[in-house]
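This report describes how the chains of an assembly are packed and how they meet. The structure is shown first, and the description follows.

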Amino acid sequence: MSVIYNSMYYIASGGLILIGLYIVLVKTNLIKIVIGLNFIDTGINILLICIGYIRGKTAPIFSDPGIKSTSVVDPVPQALVLTAIVIGVAVLALALSIVIKVYEHNKTLNVTKIKGLKW
Amino acid sequence: MVNPSLLIGIPLAFSFVVPLFGLISKKIEKYIPIVALLINTAISFILIPQVLKKSIVVSIGGWSPPFCINLVVGPLGIFLATLISGVSLLISIYAVAYIKKEPTEKYHMLFLLLVTGAIGIVLTGDIFNLFVFFEILCVSSYALVAYNKDKEGAEAAMKYLIQGSIGSGFILIGIALLYGIFGTLNMADIANKITLANPTFLFISMAFLLTGFGVEAAVFPLNAWLPDAHSSAPSSISAILSGIAIKTGVYGIARMIYTIFNAEGVLTFVAFLGLITLLIGEMSAFKQDDIKRLLAYSSIGQIGLVIFALGIATSLGVFAGLFQIVSHALAKALLFLAAGYMIYKVGSKSITSLNGLGKKMPLTSFAFTIGAFSLIGLPPFAGFISKFLIVYAAIQVKKPIFLAFIAIALIATVIEASYFFKIVQNLFFKESKNLKNITETSGYIVIPIIILTISIIVIGIHPQLITGLLKGAASELLGRGGYIAWVLGGS
Amino acid sequence: MIFQLLLIFIMIILAIAASMFKDLVNAVVVSAAVSLIASILFYFLQAPDVAMAEAAIGAGLTTAIFIIAIRKTERYEK
Amino acid sequence: MRKIISIIVLVIIAAGFVFTFSQIPFGKDKINVAGYYIERGIKQTGAVNIVTSVVLNYRGFDTLGEVTVLFIAALGLGAVLFIERKLKEEIKDKEDKKRKASLILRTGSRILFPLILLFGAYIFIHGHLTPGGGFQGGAIIASGFLLMYLAFPRKSINKRTSNIIESVSGLVFVGIGLLGLVFSGYFLTNFLPKGVPNTLFSSGIIPIIYIAIGLKVGFELTGIIDDLLGRSR
C-alpha cells in the first residue's frame, strides 16, 4: 500500500508530461498541440511540488503561533511553481495568438495542410 | 565600483519606460534602445578590467550565496555580456531606420527585453534564474519572429514556439530533478556536491538539460525551427537571433557540461554532434536559393563548429571556440544586416535578384563580402584566426578520431567557400537587370554595417585586443574549482 | 488517500480524453478539469499558494483564453 | 511512422522518469537550503508566509523575470494581433450587431464586478500574511474584467490607461530594486523597516511589490483578453 502512496503523485506528474508530449508529437491540430504544452507544464508543476512535500507537515505559513519551524514543508518548490505557472500562461497566450494568425493566413489548423509547419 | 546587476536592470527599466515616453512623443521611443544599450556597453567595458583582476560575485537581496540568487561575473560572463551589449547596440541603431511596420514601440520594447534575457542568462549563477531568463529570451524571440505578421513569419514562430516550449519544459524537468536530489539551486553549490549523487541519475538529468539548451543552440537533431525562424523574421531580428540568441544556448550547454556536471565522458560525443551539425548546416546552405535561408543554414554550420571546438576541451580548443563565437557573432550580424538592407531595396529574397548590386550599393556589397570572407576563414579577417585555432587545437589532441573530424571540417569549409564565392561573384560581376533607381542612402542603416566591418578587420589584424579576456574565459570554463570558490568563498 | 488516488486516476483519464475529443471545446473544458484537479492535489500537498494560483490562472483564465481562440478559429478538429 | 517514432521517444523518456523518480524519495525530509528560509524567514523579512518571503525576497529576481515574461507575452500578443484602426472599427461594428448578453448576466456582473475587484485586492494586499499574493490577486482581477467583457460586448478598457498602469507598476518593482542598491548595495534588498510579523503593515517592501505585481498582472491579463477579443479602442 505504501508503494502506491509513495508513487501515485509521481505517476500523476509523469503521466501528464507523457500525455502532453504524445499530444504535441502526434496530434495535428494546432490548438490540441497547445493543450498538450499546457499538460506538460501542469505535470512539471506537480513534480516540483511533490519534491518539496514532506509527509505529516503543514504549509509554510506561520500565521498561527503554534506552528514550529520544524513542522513545515519545503517552501522553495512552491515559489518555483508560482513562477512556472505564470510563465506557462504567458507562453500559452502568445502561442494562441500565433495560432490565430496562422489560421487567418491558412484557414486551417491542421499542421499537415500547412506548408511551413511540416516537420 | 559599478554593480553588475545594472547590466540587467537598465535594459529592463528602459523597456518599461518606453510607453511613458510614447505619451510625450512617438518619435522618441525608437531612440530609447540605443540609449539603454549604450549605457550597458559602457558599463560592461568599465567592468572588464575589474573582472580580469578578480571575479565579481554579487548577491541579489543581500544574503550570502547559496541562500539567494547571485550574479557571477567572471571573465566568461563579462565577455559574453559585452559582446551581447555591443552587437545589440549596433542592431538597435540599424532598427531605427529599418523598422517601419506598426506597432514600432512594441518592437523596441521586445528587442530590449530580448537583450535583457540574453545578458541575464550569461551572468546569473542560479539555475532556476537561468531558466527564467531563458524564457524571457525565448518568449520575446517567438513574438519578434512573428512580428511581420505575414504567413511565413506566423508559421515559423509557431514551429519555433512548439519546439522551444518542449525544450524549456525539459530544462525545467532537469532543474526539478537536480533540486530533488541536492536541495539547492545555486549552480556552484550543485557543482560542489555533484559527486555525491548516483551517476546514472546525473546522466539522465543532464540529458534533459542538454536537450533543452540544444533546441536553442540548434544542435543537429533539434534544429528544424532555425532556418524558418531566422529567414522569416525582420532582418534586424535575424541578426540578433543568429548573432546572439544561439550563443546563449551554447553557453548553457558549456556551463552544464563543464561547470556543473564535469562530464568528460560526453565531450567526444558533443564534438561529434557539433561536426554533424556543421556538415548538415553547410550542405543544406549550399542548396538554398533564398539568401536569408542560406545565411540561417550557415549559422547552423558555424554553431556546429563552436560546439566541436568546445568538445575538444583543451584550453586552446575552448579558447578557439570562444574566438569563433566572437567572429561569428560579428560576421553573421553584419551579413544579416547587409542582406536585409539589400532585400529591402530590391524587394526580393532570391539570390539571383541581387545580381549586379555591387555597382549600385558598393558599400553594403563590400561589407557583405568582408563578412562572407571572414566566415569562410580567409586572412586577415577575424574568422581566419578562429578557424585556424580550432584546426590547430584539434591536431594537438593527437587522437586519430579528431584528425578524421578535421578532414570533415575542412570539407565543410570548402562547401561554405563555394556558396559564398558564388554570391560575391553575382554581386560584383553579373549584369544587373532591373535595378535602375536603387541608391545607397547614408544614415542609420549604414553606420552599424561600417562599424561591424571595421571591427572584423581590426580583430583579424590585432587579435591580442581580446585574447586576454578570452583566455580568462576559457580557464573559467575548464577550471570549475575556481568558479565554485568564487561563489561559495573558498570552501 | 483513496480520495487522492481516485482524483489522480480521474485526472489521467481526463487528460487522455482531452487528446481524443474531436470537438476542441470539449477538449478545453476537460483540460480545465485537469487543472482544477491539479489544484486540489496542490492543496493536499500543503501548497495553498500554488493551489490558488493554479485555480485562478490555470483553470480559470487559461480556459477563457482557449475559448476565445477557438471562437476566432474553428471548433472541430478535421 | 511519426506515431511509432514518437512512441519510442516517449518510452525512453518514461524509462528515464521511472529511474530518476525512484531516486527521489516521496514525502521524506530532504530540506537543504530551504531550512535557512524556514528558520530565519520571519526574522529577516517579517513575512509570516514563507512562500511569499521566498518569492519576493530571497528569490525576488526570479519574480522580476516572471513578471517580465508575462509583460513580454502581453506585448507580443499585441504586436502579433495588431490591426490598423480603420479595420478595427469595422470588425467592432460587425461583432456588436451579433451579440447581446442577457439581462441576468448584465445585472449580475454589475453587482459582482466591484466585489471581485475588492477580493482580488484583498488577496494581493494580504500576500505576506495568508496564502495568495500578487499573481493570484491579479488573476482574480482579470477574471472580474473577463466577466464584464462577457456582459458588455460593446465596452472595453481604456488601453492607454492600462498601458500606463502596467509601465508604472513595472517601474515601481525595478525602482524598489534599484533603491535597495542605493541604500544597502544589493539589488532588491528589503531596506524598509520590517514591523511586527503577522500584522498588515509589516515585512518592508513585500506588500508594496505585491501591490505593484497585482496591478500589473491584473491589467496585463486583461490586456491579453482584450487583444484576443480584438476590440480595444
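## A buried alanine and its surroundings

In this predicted model, A:A93 counts as buried because 28 C-beta neighbours lie inside 10 Å. The residue belongs to helix α3 of chain A, which covers residues 75–106. Leaving aside residues up to four places away in sequence, A:A93 touches C:I65, D:A73, D:L77 and D:I224. Within chain A, the C-alpha atoms of A:A93 and A:V34 are 9.7 Å from each other, with their positions 59 residues apart along the chain.

One of these partners, C:I65, has contacts with two further chains. On the side of chain A, C:I65 touches A:L92, A:A93 and A:L96; on the side of chain D, the residues touched are D:I225, D:I224 and D:L228, again not counting residues up to four places away in sequence. C:I65 is also named, together with B:A143, as having the most contacts inside the largest nonpolar core, a set of 351 residues. Helix α3(A) gives the largest share of this core, 21 residues. In soluble globular proteins, nonpolar side chains tend to be buried together.

## Contacts between chains

Five pairs of chains are in contact, and chains B and D share the most contacts among them. That contact takes 49 residues from chain B and 43 residues from chain D. On the side of chain B that touches chain D, two or more residues come from each of α1, α4 (104–123), α5 (127–145), α6 (151–182) and α8 (199–217) of chain B. The largest share of that side, ten residues, is given by α5(B).

Chains A and B also meet, with 28 residues of chain A in contact with 28 residues of chain B. On the side of chain A that touches chain B, α2 (30–52) and α3 each supply at least two residues, and α3(A) gives the largest share, 14 residues. Chain B and chain C, by contrast, are joined by no contact, and their closest C-alpha atoms lie 15 Å apart.

The composition of two of these sides is set out below.

| Side | Nonpolar | Polar | Charged |
|---|---|---|---|
| Chain B, touching chain D | 31 residues | 14 residues | four residues |
| Chain A, touching chain B | 23 residues | three residues | two residues |

## Chain B as a whole

Chain B contains 20 helices and two strands. Its radius of gyration is 21 Å, close to the 23 Å given by the globule rule for 491 residues, so chain B is as compact as a globular protein of that length. Taken along the principal axes, the C-alpha atoms of chain B fill a box of roughly 70 × 65 × 40 Å. Of its 491 residues, 64% count as buried. Among the contacts in chain B with a separation of 6 or more, 80% are between residues 24 or more positions apart.

## Helix α8 of chain D

Helix α8 of chain D spans residues 159–184, 26 residues in total. From first C-alpha to last, this helix reaches 37 Å, close to the 38 Å expected at 1.5 Å a residue. Its buried residues include D:S162, D:N163, D:E166, D:F173, D:V174, D:I176 and D:L181, along with the glycines D:G170, D:G177 and D:G180. The cover over the buried residues of α8(D) includes α1 (5–24) of chain B, as well as α4 (60–80) and α9 (205–229) of chain D. After α8(D) comes D:G185, which has a positive phi near 85°.

Technical notes
Residues are numbered from 1 along each chain as its sequence is written. Chains are lettered from A and ligands numbered from 1 in the order in which they are written. Helices (H or I, at least four residues) and strands (E, at least two) are DSSP runs, numbered from the N terminus. The expected span of a helix is 1.5 Å times one less than its number of residues. A residue is buried if 20 or more other C-beta atoms lie within 10 Å of its own, exposed if 12 or fewer, and partly exposed in between; C-beta atoms are placed from the backbone. Two residues are in contact if their C-beta atoms, placed from the backbone, lie within 7 Å. The radius of gyration is taken over C-alpha atoms; the globule rule is 2.2 Å times the number of residues to the power 0.38. Ala, Val, Leu, Ile, Met, Phe, Trp, Tyr, Cys and Pro count as nonpolar, Asp, Glu, Lys and Arg as charged, and the others, Gly among them, as polar. A nonpolar core is a set of buried Ala, Val, Leu, Ile, Met, Phe, Trp, Tyr and Cys residues joined through C-beta atoms within 7 Å.
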